[in-house]
Amino acid sequence: MDHTCALTSEGWYECVGNNNYGKSNGGNPKSPSVKGVTYVQVVAGCRHSCALMSNGGYECIGRDNFGQSNGRKPKYPSEKGAKYVQVSSAGMTTCALLSNGAYECIGHNGNTQSNSGKTKFPSMAKYGEKYIEVYAGARSTCALTFNGAFECIGGNDNRMSNDRKPKFP
């Protein structure tokens, strides 16, 4: 990664570093494209940057060759009534945690790390388990559950995905 981003006190964000594909907005402050909202979190991915908006959606700038930037348009949850509460980006994948304890990813799916864009619920969801954080990686995506386990999907080289089973500390 060759750029980094930070929120401003006005609810915008600024990035510094390499601007290939427009991922750092040329070092200029980036305001939300949706009127009346602010950014509440910003993440720098490999070739794109994404920001969580106060209305429960997110938007990205930069490279979009696998759809990881959602066509540079605001993205909202497919789950009715849910909002995004955290966003993560790495490689050519972007993932966002939903307020209902699931997550959704877009972008590259060469190792199934984006779950083909489908909503991913914890394996123990029928027992009320929820995800509380999601981490997009270049080849795998992992999520931490409320009970302290983590579950991963995607590439399993070096056992990164724990054979896609919950792993407890």
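**Exercise 1.** In this predicted model, work out whether Glu104 counts as buried or exposed, then find its salt-bridge partner.

*Solution.* Start with the accessibility: Glu104 comes out at 3%. The cut-off for buried is under 20% relative accessible area, so Glu104 counts as buried. Next, look for the partner: Glu104 pairs with Lys75, and their closest N and O atoms sit 4.0 Å apart. Now place the two on the chain. Glu104 belongs to strand β8 (residues 103-107), while Lys75 is in the loop between β5 and β6 (84-90), so to speak a link across 29 residues. Last, check the partner's surroundings: Lys75 has 15% relative accessibility and is buried as well.

**Exercise 2.** Which parts of the chain does the salt bridge between Lys23 and Asp2 tie together, and how accessible is each residue?

*Solution.* First the contact: the two side chains meet at 2.7 Å, N to O. Then the positions: Lys23 lies in the loop between β2 (13-17) and β3 (39-44), and Asp2 in the segment before β1 (3-7), so the pair ties together parts 21 residues apart in sequence. Finally the accessibility: Lys23 is buried at 2% relative accessible area, whereas Asp2 is partly exposed at 38%.

**Exercise 3.** Find the salt-bridge partner of Lys30 and say where both residues lie.

*Solution.* The partner is Glu59, with 3.8 Å between the closest N and O atoms. Lys30 is in the loop between β2 and β3, and Glu59 is in strand β5 (residues 58-62), 29 residues apart. As for burial, both Lys30 and Glu59 are buried.

**Exercise 4.** How many salt bridges does the structure hold?

*Solution.* The count is four; the Lys30 and Glu59 pair is one of them.

Conventions:
Residues are numbered from 1 along each chain as its sequence is written. This is a predicted model: local features need pLDDT of at least 70, side-chain atom pairs count only at pLDDT 80 or more; totals for chains, interfaces and linings use all residues. Side-chain values use heavy atoms; hydrogens and water are left out. Helices (H or I, at least four residues) and strands (E, at least two) are DSSP runs, numbered from the N terminus. Buried means under 20% relative accessible area, exposed over 50%, partly exposed in between (1.4 Å probe, protein chains only).
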